[in-house]
Every structure is written in structure tokens, then in C-alpha cells.
Amino acid sequence: MTPQALEKVFLCDSGSISVEVALKMALQYWHAVGSPRAKFLTLRHGYHGDSFAAMSVTDPDNSMHKLYKGFLPEHIFADSPECGFFDEWVEEDISDFASKLGDNADQIAAVILEPIVQGAGGMRLYHPTFLKRVRELCDEFGVLLICDEIATGFGRTGKLFACEHAGITPDILCLGKALTGGYMTMAATLTTEHVANTVCGGEAGCFMHGPTFMGNPLASAVANASLSLLQQTPWQEKVAAIEANFAEILPPLKQLDCVKSVRWLGAIGVVETHTPVDVEKIQRHFVERGVWIRPFGKLVYVMPPYDISTAQLKQLVEAIESGLKSVM
Ligand SMILES: Cc1ncc(COP(=O)(O)O)c(C=O)c1O
């Protein structure tokens, strides 16, 4: 199902661990090549998980960096893209990333980012050309590219993998969440034969990670069942229908004074408010309306299952509208 070049798969316990594994792969790769590198370049507003290395490449202002300062490794952050997915591309959008990569290329083991959708760090839907440029620049400067598709993988953005919007393949890909449909914890880190062979040809002789529950048989069975289900259902049509519904039912929410913007892509719908939402109050409202939505900060968003009906989707968006009206 995944891009052809990514032939090697390492199964992990959770999304955060899949990111740890991706970072370790990149570090071991450069060690094996004989020129160790220890920095990662990433984007502001990113989210990659709650374990230490994953946190270190997550947005520094919007997360827990301050709490762990001194312990957390410090990496390089480029401005996040401003050009939205449906906007016209402006070349300037890549300039900060390009200069940070150019200035530090010999120290950077890999670039890590969420392709097309920056999730928990801001629900930002960005332009495919940004991602294309990132791939070109990584090739130009000889830096590995890690794409974290833990949230976007398996159809969420309308393509099976968000990288397809830009027609690129990363050197390392992180998958999780929908891999098991949320029923068991399991994630995966995929890479190319070149990266895998280089890592295994290094001093250690293998990739140095081996947790107890790696490749857990029950989780693997659940993943196989979930992926079969996805392949047997017309998920493209379902995600396209959700996207079409969002296009109809989200824009009217812009009329609320508290709403700054609404946006959507595939089966992701986002309402951003001007000021943070009172989560406790609005969640009570949601539960009374028979829906479960977990907002954070200024973001109220939904990523529903692909088999949600139009009526159910409307129920979610109506609950957001009435919830915002009653608490903001
Ligand atoms: C893009 C992205 N990366 C990593 C993670 C971390 O995954 P997990 O919560 O399974 O550790 C998440 C979880 O929300 C995510 O959205």
C-alpha cells in the first residue's frame, strides 16, 4: 500500500515510538556513513509525539519544551508554511526552511515534518508545493527526509498517504493511528533498502531498537484486519463525500463572531476561534448533544471515521455551532 521505495518495515508500539525509531534510523545512518550528525530540522507548529526525542522536534512554543529544558535536545525549527492547501503558491513560503537547511546541512541528519497537514500543533493544511520543495532541497543538500503520516496516513486527506498530494516519497515514513483503526496500539516506521542496508552495514550491524511488544501478534492481526477493511471499502468515495459535506456545512460557521476561520481537507474539518475555547464547558455541551469532540486551545476539529453518514456529520458540526454559541 505504501510507496514502492519503502520496502523495509519496522513495527513499533505507538506513534511516538515510531518517531523515535525514525530519528534513530537517521542517526544510525549517518554514523554508518562515517560522518555522524546529530541535528534535525523541522517546522514550527509541528507535533510528533510525547516521548523525549519526539517532543524535541515538536513545536517549541506550543508544547512542553520549557518544562524539560536542559534535558531535551535542541533542534532547528523553520517557519511553518503560510500558503494554505487551496491557496496560490508563493515561492517565498519556503525561504526560511531553505536557508536553515542550507546553513546547517552538514549537521542535519534529517528533516522531519508532517506532510500537508500539521495536526495537533495547529491543524494547518499547507500547500503541496512546500512539500515538493522540501524534497528537492533535501536531495540537493543530501539530507534524509522523514514524513510523519501518523495522523494523515491511510486516506485521511483524500489520498492514501498525504505525500501523494506532492508526488514525493520520503526516505523514512512513520505510520500509526489508522494502522489498527484505533483498536490496538501499533505503529510502523518504513524506510528504503538503501537506508536499511546502510544502517545494518554500520558498526552495530543492525538497527538498535528492540522493545518487548514489538510486532505484537494480536496488534498485527488487528492491523491486517483493519487494512483489509480499508482496501475492501470505497474509502476514496467516502472521504470525498465527507470533504464535499464539510464544504457545505463548515463555511456558515464563519458568521459566528468567535470564529476566526474554518478549513477542511478530506476527512478533516477544523474550526479555529479567536480565543481559546473553554474545553470543560464545551465538552459538556457536546456530550449532551450525543457527540464526542475534543477541542484544544483555539481549535475545534473533527476527524470522523470514513463510514460516518451525512446526518451524523451534520450532527457533529451542528454541535460545534451550538457549542460555540453557548460558551464563547
Ligand atoms: C503527526 C503525529 N505524530 C505522532 C503522534 C504520536 O502518536 P502516539 O500518540 O500514538 O504516540 C501523533 C499523535 O497524535 C501525531 O498526530
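Here are some notes on the ligand site and the two sheets of this predicted model.

1. Start with the ligand. Its surroundings are made up of Ser14, Gly15, Ser16, Tyr47, His48, Gly49, Glu114, Asp148, Ile150, Ala151 and Lys177. Sorted by character, that shell comes out as five polar, three charged and three nonpolar residues.

2. Three polar contacts are worth a look on screen. Glycine 15 uses its backbone: a polar atom there sits 2.9 Å from a ligand oxygen. Aspartate 148 brings a polar side-chain atom to 2.6 Å from a nitrogen of the ligand, and lysine 177 places a polar side-chain atom 2.8 Å from a ligand oxygen. As for cover, the ligand on its own has 390 Å² of accessible area, and the protein covers 79% of that.

3. Now the seven-stranded sheet. It is open, with mixed pairing, and reads E1-E9-E8-E7-E4-E2-E3 across. At its edges you'll find strand E1 (8-12) and strand E3 (76-78), each with pairing on one side only. If you ignore direction, neighbouring strands here are turned against each other by 20 degrees on average.

4. For the register at the E1 edge, look at strand E9 (residues 187-191), which pairs with E1 in the antiparallel sense through five bridges. A handy marker is phenylalanine 10, whose bridge partner in E9 is threonine 189.

5. What packs on this sheet, touching E2, E3 and E4? That's helix H3 (residues 95-104), which contacts strand E2 (39-43), strand E4 (108-113) and E3. The helix direction makes about 155 degrees with that of E3.

6. The other sheet to check has three strands: it is open, antiparallel in its pairing, and ordered E10-E11-E12. Strand E10 (259-265) and strand E12 (299-302) are the edges, each pairing on one side only. From one strand to the next, the twist averages 10 degrees.

7. Within that three-stranded sheet, strand E11 (residues 268-273) and E12 run antiparallel and are joined by four bridges. To fix the register, take glycine 269, which has valine 302 as its bridge partner in E12.

8. Finally, the helix on the three-stranded sheet. Helix H9 (residues 310-327) lies across E10, E11 and E12. Relative to E12, helix H9 runs at about 165 degrees.

Terms used: Residues numbered from 1 in each chain as written. Predicted model: local features only at pLDDT ≥ 70, side-chain atom pairs only at ≥ 80, totals over all residues. Heavy atoms only, no water. Near = heavy atom within 4 Å. Polar contact = N/O pair within 3.5 Å; in protein donor to acceptor, adjacent residues only side chain to side chain. Areas by Shrake-Rupley, 256 points an atom, 1.4 Å probe, with all protein chains shown as cover. Nonpolar A, V, L, I, M, F, W, Y, C, P; charged D, E, K, R; others polar. Pairing = 2+ DSSP bridges. Helix = DSSP H or I, 4+ residues; strand = E, 2+ residues; numbered from the N terminus. Axes fitted to C-alpha atoms, helices over the stretch in contact; angles between N-to-C directions. Contact = heavy atoms within 4.5 Å.
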